[in-house]
Amino acid sequence: MAEFNTVDHPPNRLERQLDRLVDVPAFARTWFRSVVLRRAVPFTGTAGLEFLQMSRERVEIGLKNEKKVQNHIGGIHASAMNLLAETATGMVVGMNVRDDCIPLAKELKMAFKKRATGAMRAVAVLTPEQQALMRDSNKGEVKVQVTVTDEAGVQPVECEFTWAWIPSGPRKS
C-alpha cells in the first residue's frame with residue numbers, strides 16, 4: 001500500500017485497512033479509497049474530499065470547487081480549505097500512529113494569502129524522524145508540513161498543524 005515507505009515498521013490499523021484495496025484495479029483505487037475513508041470520517045464525504053495518495057510519508061487530498069463547499073465569491077470556502085489541510089495532516093499522522101495510540105489535533109494556524117481559484121489539493125508530509133518518533137513513543141507531538149495549492153498552482157493559504165498522540169487506553173466494546 002504505502003508507495004514511498006522509508007521507515008520500516010509493521011503496518012498500523014489504518015494501513016492494514018488500506019492494504020485491502022491492493023487488488024482493486026489502479027484506475028478505481030482512488031475512488032474506492034475515498035469511499036472507505038469517507039465511511040470512517042463521514043464529514044470528509046459530506047465535503048467531497050478525494051483521497052488521492054496515502055503513504056506513511058505523504059498524503060495528498062483533493063477538493064473540487066463545487067457549490068456545496070463554495071463561499072460567497074464562488075471559491076472554496078475557508079472552512080473547506082481548513083478541512084482539506086486538516087484531513088491531509090491527520091491522515092499522514094494516522095498512517096504512522098501506533099495501534100495503541102490515538103491522534104489528536106492540537107493546534108492549527110492558517111494565513112489566507114491570495115484568492116483561490118478552482119479545485120484545491122493539500123499535500124501533507126512527515127519526515128523519517130517524525131515517523132520514528134511516532135513509532136517509538138506512546139505520547140508526543142509533531143508539526144506536520146502541509147502545502148495547499150489551487151488549480152492554478154498558487155498557494156492561497158499557508159497552514160501549520162500540530163498533532164499529538166496519546167495512549168488510547170482500553171478499547172471499548
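A salt bridge is a side-chain nitrogen of Lys or Arg within 4 Å of a carboxyl oxygen of Asp or Glu. The structure described here is a predicted model, and by this criterion it holds 11 salt bridges.

**Salt bridges**

Glu141 and Lys106 form one of these pairs, with their closest N and O atoms 2.3 Å apart. This pair links distant parts of the chain, since Glu141 belongs to strand β5 and Lys106 to strand β3, with their positions 35 residues apart in sequence. Glu141 has a relative accessibility of 42% and therefore counts as partly exposed, whereas Lys106, at 54%, is exposed. In addition, Glu107, Lys109, Lys143 and Glu160 are joined into one network by salt bridges that share partners.

Another salt bridge connects Glu15 with Arg56, the closest N and O atoms being 2.8 Å apart. Here too distant parts of the chain are linked: Glu15 lies in helix α1 (residues 13-19), while Arg56 lies in the loop between β1 (50-54) and β2 (58-63), 41 residues apart. Both Glu15 and Arg56 are buried.

The side chains of Glu60 and Arg58 also meet in a salt bridge. Glu60 has a relative accessible area of 14%, which is under the 20% limit, so Glu60 is buried. Arg58 has a relative accessible area of 23% and is therefore partly exposed.

The three pairs described individually are listed below.

| Acidic residue | Basic residue | Closest N to O distance |
|---|---|---|
| Glu141 | Lys106 | 2.3 Å |
| Glu15 | Arg56 | 2.8 Å |
| Glu60 | Arg58 | 3.1 Å |

**Helix α5 and its cover**

Helix α5 spans residues 128-136, and Gln130, Gln131 and Met134 are buried in it. Viewed down the axis of α5, the buried residues fall within an arc of 100 degrees, so they line one face of the helix. Glu129 and Asp136, on the other side of α5, are exposed. The elements that cover the buried residues of α5 include helix α4 (78-94) and the strands β4 (120-125), β5 (140-150) and β6 (157-167).

**Cysteines**

Strand β6 contains Cys159. The relative accessibility of Cys159 is 14%, and Cys159 therefore counts as buried. Leaving aside neighbours within four places in sequence, Cys159 is in contact with Ala85, Lys109, Met110, Val146 and Val148. One of these contacts, Lys109, is also a member of the salt-bridge network named above. Cys159 and Ala111 are 48 residues apart in sequence, yet their C-alpha atoms are 6.5 Å apart in space.

Cys101 is likewise buried, because its relative accessibility is 4%. How many disulfides does the model contain? A pair of cysteine sulfur atoms must lie within 2.5 Å to count as a disulfide, and by this rule the count is 0.

**A nonpolar surface patch**

Ile102, Leu104 and Ile166 make a nonpolar surface patch of about 210 Å². Leu104 is found in strand β3, which covers residues 101-112. Is Leu104 buried or partly exposed? With a relative accessible area of 36%, Leu104 is partly exposed. A residue needs over 30% relative accessible area to belong to a patch, so the value of 36% for Leu104 satisfies that requirement.

Methods
Residues are numbered from 1 along each chain as its sequence is written. This is a predicted model: local features need pLDDT of at least 70, side-chain atom pairs count only at pLDDT 80 or more; totals for chains, interfaces and linings use all residues. Side-chain values use heavy atoms; hydrogens and water are left out. Buried means under 20% relative accessible area, exposed over 50%, partly exposed in between (1.4 Å probe, protein chains only). Patches are made of residues with over 30% relative accessible area and no salt bridge: like charges are joined within 9 Å, nonpolar side chains (Val, Leu, Ile, Met, Phe, Trp, Tyr) within 5 Å. Accessible areas come from the Shrake-Rupley method with a 1.4 Å probe; for residues, only the protein chains shown count as cover. Helices (H or I, at least four residues) and strands (E, at least two) are DSSP runs, numbered from the N terminus. The arc is that of the directions from the helix axis to the C-beta atoms. Contact means heavy atoms within 4.5 Å.
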